[in-house]
Protein chains: 2
Amino acid sequence: MKNLTLKQLRYLIALSQHQHFGRAASACAISQPALSVQMKELEAMVGAPLLERGGRQVNLTLLGEEFVQRGQSILAAVDELSDVAQSANDAFSGRLRLGIIPTIAPYLLPSITTQIQANFPTVQLQPREAITSTLVTDLLEHRLDMAVVALPVSEPALEEFALFDEAFVLVRPLKDAEKSPPSQDLLNASRLLLLEEGHCFRDQALSFCALDGTKLHEVMEGNSLSTLVQMVGAGLGLTLIPEMAIALEGRGNTTCIQRFDDIEPKRTIGLVWRRTNPMSAQFASLKDIVVQANALAIAAP
Amino acid sequence: MKNLTLKQLRYLIALSQHQHFGRAASACAISQPALSVQMKELEAMVGAPLLERGGRQVNLTLLGEEFVQRGQSILAAVDELSDVAQSANDAFSGRLRLGIIPTIAPYLLPSITTQIQANFPTVQLQPREAITSTLVTDLLEHRLDMAVVALPVSEPALEEFALFDEAFVLVRPLKDAEKSPPSQDLLNASRLLLLEEGHCFRDQALSFCALDGTKLHEVMEGNSLSTLVQMVGAGLGLTLIPEMAIALEGRGNTTCIQRFDDIEPKRTIGLVWRRTNPMSAQFASLKDIVVQANALAIAAP
DNA sequence: TAAAAATACTCCATAGGTATTTTAT
DNA sequence: ATAAAATACCTATGGAGTATTTTTA
């Protein structure tokens, strides 16, 4: 029974409908002998007669009827495969597992979600928030389809696509609003509040200050930008936040935001995905969505 | 998608399990290039990638996963066909639509049913009672598998198998028990009670009396032997019943049973079925069952 | 005798094998 | 450099066609 073919089932069903080899054969667009041979082989495989051959008409045995019944549902399931393939072909659709780093997620994810649902209603977005290293691993091991991270990732297996640059701004206690303008020197002289290890934003901030983690002594760690901003408000130090976070984090009345004039620190945010992902082409169409989402996020009050 | 084969589904599933063309191929007992080609063709047919080819391992796309899921249930349904075939092969089993004439049914059917259930527990007996002409039509048109009738049927498409001869006995009012012994002359001189038209037993009785229906004037018709016997008891005439009916119909105390001495009337009871029925071989094994059932029926009190 | 299915044979499409190249890590 | 998949090419199986025979009603 290992060599049973779908054709044979189709032929048997045709035969059950026409009860006549000649007519069933032409319904299947094959010759009568071809049908005879196939049915003979099918019966040989089954080891029992499926057909009762009369001179005038062909009838099915009980077993034959059973085969027709089951064959029909098998063929129906096969036909459904075409439908599945078709709908998958039609448009960018289905599950999209999107990773996103925590220093972007709260600000960008809401508008990304909205934009995607508006533009690709058939896409089921499954966002996941994690630090870059986790996201990259998840991408490489097929647990994610795409991620929003700070570039470069420099992973050969991953395709990178830059979306926009994002400036960092200084967060100071409100009372210092009139004091010295922001500068690298100021940061170096102050207690700097940073995210805990692993967050790329921490590394980016340190890099800007031309410091490495080991030389850092006057530092406190937090695990969300909100926490850090609150700590700044309490006068415990300074911190940097990405431009996009201003709308959300700059609302308090205990801190103030200051931009750097001279050498503005920034990072590049981009999309990454496996080069081998067959959806690559369609991912390209996603980039516009995310750029738009960014515009909305910045424009938000 | 019309040319999709079960092999391709098997290959895809193997690939999803091994995530490696080489190993999946050997699991399928084919070469790696053969597998590559089949998967390529499958994807071409589907019109969308099912596989994501990485250097180290092969992964499935979302659509590929969907195909694997559906493919597995399709293959499961195909495997079930083997089981169906197997169980049908193992023994004489399944539905048996058995026709039986009314002049035998009440006396023979109970023991037939018992015997069949004891000997072929997997057979589902579906008995139907009707006159011979109906049974023959039903057989020819595949509404019955087999029938118990009086032979000969002389239908070329039907196989006949004689089971046993069945004598007819005379039923007279009890008061006539000591009168003239049964003979053809007696029958001709009396009012003969017969079954209505269509029952073969009517024709057999008439034939024995060397009468045809048209010459019959002193005749009443009934539609069951029991009714006729009751009428005999009421002194309305005579009737004939088959030997097998004695146990049931001879119990009353208003009638008596008399056997013919000289030329004993009888008929042959047999099985008939379509020559083309593939179960023919197995039907042969049924004949012993029915013969046994007859022995039981006659032996019954 | 006529209609229908089975057989005989032939051919070609294609599944599959081997050898090799390309690709990706 | 190496492992793996794709490609090229060849072979052989088997699905399907035509012509014919056998069967059965």
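**Note on the A–B pair and a helix crossing in chain B**

1. A turn of 180° with a shift of 0.0 Å along the axis lays chain B on chain A at an RMSD of 0.1 Å, the copies being superposed by least squares on C-alpha atoms of residues with pLDDT of at least 70 in both. That is the relation of a two-fold axis. Ile74(B) is the residue of chain B that comes closest to the rotation axis, at 3.0 Å (C-alpha).

2. This is a predicted model, in which local features need pLDDT of at least 70 and side-chain atom pairs count only at pLDDT 80 or more, while totals for chains, interfaces and linings use all residues. Residues are numbered from 1 along each chain as its sequence is written, and chains are lettered from A in the order in which they are written.

3. In the interface, 35 residues of chain B are in contact with 35 residues of chain A (C-beta atoms, placed from the backbone, within 7 Å). Strand S1 (51–53), helix H4 (62–90) and strand S3 (94–100) of chain B each give two or more residues to this side; H4(B) has the largest share, 16 residues. Helices (H or I, at least four residues) and strands (E, at least two) are DSSP runs numbered from the N terminus.

4. The copies meet through the same surface, because 100% of the interface residues of chain B are also interface residues in chain A.

5. Within chain B, the axes of helix H1 (residues 6–18) and helix H3 (residues 32–46) come within 10 Å and cross at roughly 110°. The axes are lines fitted to C-alpha atoms over the stretch in contact, with angles from 0 to 180 degrees between N-to-C directions. H1(B) is therefore roughly perpendicular to H3(B) (65 to 115 degrees). Among the residues making the contact are Tyr11(B) and Leu15(B) of H1(B) and Met39(B) of H3(B).

Methods: Contact = placed C-beta atoms within 7 Å. Parallel < 35°, antiparallel > 145°, perpendicular 65-115°, else oblique.
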